[in-house]
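Welcome! Take a moment to turn the model around before reading on, and then let us walk through it together.

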Amino acid sequence: MTVSDWKVVPQNHLIPPYNLFTRPVGKSQVDDRQYSVIRLENGLTAMLVHDPCTENAAASLNVAVGHLSDPDDMPGLAHFCEHLLFMGTRQFPKENEYSEYLSKNNGGSNAYTSSSNTNYHFRVSPSALTGALERFSGFFHSPLFAPSCTTRELNAVDSEHKKNHQADPWRIFQLNKTLSKVGHPWSKFGTGNRATLTAAGREAKARGKLSVNTLVNGNGAVKSASISKEPSPVSSRTPSPTPSSSSSNSESDADGGSIGRETRRRLIEWWSKEYCASRMDLCVIGREPLEELAAMVSKLFSPIPNRSQGPSPIIDEHPFGPNEMGTLVSVQTIMSFHAVEISFPLAWQPPLWKYKPGYFLSHFLGHEGHGSLFAYLKGKGWITSLGASTQALGRGFAMFKTTMYLTKNGFDNYRSVVLATFKYLNLLRTSEFPRWFQSEIATIAKTQFQFSEKRAAEGYAVTLAERMSWPVPTEKLLTAPALVSEWEGNEGERQVREALENLQVDAGRVVLMAKKEEHERIFGGEKHWESEKWYGTGYTVERWDDQFLGEARSPNDIPDLHLPGRNEFIPTNLDVEKHDVLEPLQRPHLIRQSGISKVWYKKDDQFWLPRAAVIVDIRSPVASDKPRAIVLTKLCADLVNDSLAEYTYDAELAGLAYHVTAHSLGMTLSLKGYNDKLPELAKYVVRALKNLVPTQDRLDVMKEKLKREWDNFFMNQSYQLSDYYGRHMLAHQTWTVQELLEELPGVQLEDVADHNRQLLSKINIQTLILGNMYRDQAITLSESVEDILDPSPLVEGQVPSERALILPEGSNYMWITSVPNPNEANSALTYYIHLGQLNDPRHRVVGTLLARIMSEPAFNILRTKEQLGYIVSCSRWLLHGDSQFGIRIVVQSERGTGYLEERVEAFLNTMDTKLEEMEDHEFDDFKKGMQQRWREPAKNLGEEASKYWQHIDSGFLDFLRRFENADLIEKVEKREVVALFRERVHPKAPKRAKLSIHMQSQKPRPPRISAKAVEAFEVLVGEAGISVDLAATKDEFDQERPVAADFLKRWSDVLTEDAVSIDVAKDLLGRVPALMEQYPVRDENVYSCLADVTRVDDIRAFKASLDVSPPPRPLVDWGDLPTAKL
């Protein structure tokens, strides 16, 4: 790339000048989008994508600064910036203006902070792109960093960390970071929490360096020219419309006092340095022509300042030093599993984009075919899965990781598992690499790229924005990350050999994961555990003994290990017969029907790719008639997948995937990928299902794996459990995980074989075939499936179906239970309100619109304003069988569930006024957004299959439902939405049917002091004649309900001999327990309106008392047979 590849586009009226990349950007042969790259005068680079058919417009801005750039004394500052940045701009000061605009226009947004980058992204209706970009761009040149939101967003970051505190992936990830070379940035705590973000402010205050009035409401001390020193023209903070008795709307409380103001000052200081335009990459996808998109971007993003920062920071030094290499780290897990992860230093891979040596090595080490490391370890009964891949840790350094999930036997033999891995690496080092290895990899990558399916606009924008910072030629921004070149000369193999030399036992770290008792069982006694600083994860570090090192360095002596052969599944026929189509068909057609099966089919008429998707659903009444049957069906499916792993791995590599899945009605076989060899794979899998002959060793492994999965279910996050129980209590004929666990130990080998034969003996089959297959091919494939299985038909009435349980009108149920994990601090509430039948078209449309309107206000009030917790959501909920629906609100919080239900109902009270006062144009915006969503065409074959399968699976066959919804919503009036809300949703609604699930944390909470007790204590201090700055004193703790220990410590520091005598101080502090007893903190688990609630004590009895939804019947008779009109 040279200077001549760019041309200057001069200023045009209000559009600032910019530079346009003049060479074409390489893309795949089926990509119908147009691409352009521009660079603004401030240094920001933008990829513009013109897609006239996109269902959503989207944008993503990637800032090449992440948590590795956090100041050492403020861990989590980049993450906190991501949170507070959204709280209003000079142009749009209202804090939820952005989210509200997106919500009205069928959109949404998100952001994330990584090690070396922070990404902000959104999607929106194509017609609303300009307005969305106007609001979005302001975050990067004129954010308010609203002072009134400081405390709330500190709490949000803190809540996010606490949400992850009991999650093993987060705990192990941070432990690996913590155990880095001393002083390396990778060791930083990226999430942060309230304590880490305010520590510098608290220290400054302790040294007397903070003024009480510093940065009140954003006036005064900000140094960046981009942040106004004047008060916001309109307050960015709107108080909660439903304040609780303990809520505070005080601006001084909201900005966090002097400590909060210092935290915000440091944030702005950091942002003013790091958020430099030249470190930003933007991707915008819209229907507008490229020239119009370029003008839009230049106008809106040119105001971002270039702060004269250098190139994006690169860290060349690796976090593994001599002390970190050649070690074994034993880690305690929260969930019950056994795993081993082997990590090696690896060169940063983006500069090696041409040959991708890391991918070459992962291809071999992660292979699952004959002769592979996986096949050997699986044959020993030691592992259940293996994955090998590169991991980009930060800009400039990477890891190569191999992760294996172990059986109990494998954990007992972990040394042999790790040794086998090093033996395979030694085999690679001594092996020749014929050029066809790289040629195959390159062919597969090229085929995948050339025939890649279209992705959702938002996700695609995020991917492009991230990759724009890669060190590749601009014209290869799309191709370089995806394609692999065949080796030319010696360079490609040299890169592989160089990387391979680093994958030695002396350079790696092995992390062994299991629960504490499992570690100590194989260790033979108690270990001397250390505790990781941020999550409290227990771990030990030791070095390998000389015997192990000697064996790991020695040549491979395992005869079962060898390199893979050629891949016979690489497609050779990629032909697509494309022809003009006036309009794609809107549904599949029934092309075959027998006493056993129905086949729905649609030839691809819009994507024109050599791909197909096949779903074969097998239903049997014996699949789930009792808990034991569910267990056996699940084991049958798992054993089929397990038996095919080696054979089908090459197919998966070549872009042809399958899976056999057990469900409540039977099993489903799903296949997708290149159609060339799909029919043969389908028949092979069906034969394996029919002829399943389980062995005792593999059954034992599958039972162990299933037990672990179900045991770990109870360690999920609280809101996941509350949602699960809510669905279970409203589903007909379902069994709990606990009931399944009780059946699992008694399953014998003969039980599985007998169940598989019985299940397949009398079945009903529903098949959907889409894509680049002809009608006769689809019929032949379906006939082959039926011939292989050779079942008897089920008579009418025997075919099972999913059905829901219906809450009676005027009901108000509550079920309360404990979160099983005793160390989980979060409780959760799932609050469900039943709306009625989904098959009533107008009721469905009005109810769905109501749920959409409620979604953003619920988040804004319950999470953003009231800070109940990080997880807050309001959405439409479909019940079992898709015939019934309602509205579900879920909140996960450290607050008690009784309090959460009160806040949800207070929110519902405010929605009545909001709906009544909603302007007609705002209501119309919501209607148009929903209409556009329903009319969105499928983006790819998989999405099209999912849309159609929903209607086949439910049995209603109303394939055109979304188009009917889109037409019907035009006629819906606001009064209908208000009427439905007042009839069925409002807490006083006459026909309301409600069920709430309370998952209550068992973790003891530290004693707290109520606001009234705090006020009473402050009165005592005043009566004692002590002069104290109460506002400054409150900075140190949660002002609403401070922890008693924090309160006493802070006041002990205040009531020193300089202020008061020791006796007076002792007397005042000694009165605190009595005040806590006189003014107790309420038990937030107790719901204040229990008189109106029916407590559920027996779930089975509750379910038995409810009406069952009627069995599904087709809503449309399509009349496709005897001859489908295709």
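Before we look at domains, it helps to know that UniProt positions are given here in the numbering used for this chain, that feature names are shortened, and that annotations may be inferred rather than shown by experiment. Keep in mind, too, that this is a predicted model.

With that in hand, let us begin with a stretch that UniProt names. An unreviewed UniProt entry places "domain: Peptidase M16 C-terminal" at residues 263-435. Over residues 263-435 the chain is 36% helix and 26% strand, and the C-alpha atoms at the two ends are 57 Å apart. Further along, the unreviewed entry lists residues 849-949 as "domain: Coenzyme PQQ synthesis protein F-like C-terminal lobe". Residues 849-949 are 62% helix and 18% strand, and their end C-alpha atoms lie 23 Å apart.

Now step back to the whole chain. What are the counts of helices and strands in the chain? There are 37 helices and 30 strands. The chain's radius of gyration is 31 Å, close to the 32 Å that the globule rule gives for 1126 residues, so the chain is as compact as a globular protein of that length. Along its principal axes, the C-alpha trace spans about 95 × 75 × 70 Å.

The inside and the surface come next. Of the 1126 residues, 59% are buried. Among contacts with a separation of 6 or more, 82% are between residues 24 or more positions apart. On the outside, the chain exposes about 45,500 Å², with carbon and sulfur atoms supplying 49% of that area. As for charge, there are 130 positive and 148 negative side chains, and the centres of these two sets lie 2 Å apart.

Let us zoom in on one helix. Helix α5 covers residues 168-178, and its buried residues are D168, R171, I172, Q174, L175, N176 and K177. Which strands do the buried residues of α5 pack against? They pack against β9 (327-332), β10 (338-347), β12 (397-406), β13 (509-514) and β15 (538-543). A rule about helices is handy when you view one: an α-helix has 3.6 residues a turn, so residues three or four places apart point the same way.

Our last stop is a single residue, R698, which sits in helix α21 (residues 696-713). Is R698 buried or exposed? The relative accessible area of R698 is 12%, and buried means under 20%, so R698 is buried. Leaving aside neighbours within four places in sequence, R698 is in contact with K378, G381, L639 and D642.

Key. Residues numbered from 1 in each chain as written. Predicted model: local features only at pLDDT ≥ 70, side-chain atom pairs only at ≥ 80, totals over all residues. Heavy atoms only, no water. Helix = DSSP H or I, 4+ residues; strand = E, 2+ residues; numbered from the N terminus. Rg over C-alpha atoms; globule rule 2.2 N^0.38 Å. Buried < 20%, exposed > 50% of the residue type's maximum accessible area, 1.4 Å probe, protein only. Contact = heavy atoms within 4.5 Å. Areas by Shrake-Rupley, 256 points an atom, 1.4 Å probe, with all protein chains shown as cover. Lys, Arg positive; Asp, Glu negative; His and termini not counted. Charge placed at Lys NZ, Arg CZ, Asp CG, Glu CD.
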